[in-house]
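Reader: I have a model open and want to go through its strands and core. Can we take them one by one?

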Amino acid sequence: EVQLVESGGGLVQPGGSLRLSCAASGFTFVRYDMSWVRQAPGKGPERVSAINSGGRSTYYADSVKGRFTISRDNTKNTLYLQMNSLKPDDTAVYYCALGWGPPPYEHWGQGTQVTVSS
């Protein structure tokens with residue numbers, strides 16, 4: 001059974017940083033591309049970033065380019081999202097998902113809340 005468990009969310013002031021983690025199990029993590037997706041209240045899911053199975057190719061939405069960094073540790077079956085210079089518009093529930101392309105995804109986690117507010 002595929003399991004994706006996100007952690008690391010929280011409340012942060014504008015300009016602050018957070019690092020999200022996604023622990024993966026139930027599948028061969030090293031073989032799959034992975035994505036981070038977010039959903040703000042009243043909005044549809046937005047693919048924020050993606051990384052290929054080997055970690056050499058990445059994608060970033062224009063809204064986060066230059067501020068967020070996606071990475072993975074295939075020895076730990078873990079996906080990361082380093083988020084810097086956070087803005088109130090980044091407030092959303094953040095999910096990791098199995099796959100590269102835009103939503104929908106067959107497998108994604110339960111999400112972690114990120115709130116950017118002073």
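Reader: Along strand 1, which side chains point to one face and are buried?

Author: This is a predicted model. In a regular strand the side chains alternate between the two faces of the sheet. Strand 1 follows that alternation: Gln3, Val5 and Ser7 point to one face and are not buried. Pointing to the other face, and buried, are Leu4 and Glu6.

Reader: Which residue of strand 3 is the bridge partner of leucine 4?

Author: Strands 1 and 3 run antiparallel, and five bridges join them. At one end of strand 1 (3-7), serine 7 stands opposite serine 21. For leucine 4, the bridge partner is alanine 24.

Reader: Which strands stand at the edges of the sheet, and why is one side of each left without a neighbour?

Author: The sheet is open, with four strands in the order 1-3-8-7 and antiparallel pairing. Its twist averages 15° from one strand to the next. Each edge strand has a single partner strand, so one of its sides has no neighbour in the sheet. The edge strands are strand 1 and strand 7 (68-73).

Reader: Which residues touch the most other members of the largest nonpolar core?

Author: That core has 28 residues. Strands 3, 4, 5, 7, 8, 9 and 10 each supply at least two of them. Methionine 34 has contacts with residues including Leu4, Phe27, Ile51, Ile70, Leu79 and Leu98, leaving aside residues up to four places away in sequence. Those touching the most other core members are Met34, Trp36, Phe68, Leu79, Leu81, Met83 and Tyr94.

Note on methods: Residues numbered from 1 in each chain as written. Predicted model: local features only at pLDDT ≥ 70, side-chain atom pairs only at ≥ 80, totals over all residues. Heavy atoms only, no water. Pairing = 2+ DSSP bridges. Helix = DSSP H or I, 4+ residues; strand = E, 2+ residues; numbered from the N terminus. Axes fitted to C-alpha atoms, helices over the stretch in contact; angles between N-to-C directions. Buried < 20%, exposed > 50% of the residue type's maximum accessible area, 1.4 Å probe, protein only. Core = buried A, V, L, I, M, F, W, Y, C linked by side-chain atoms within 4.5 Å. Contact = heavy atoms within 4.5 Å.
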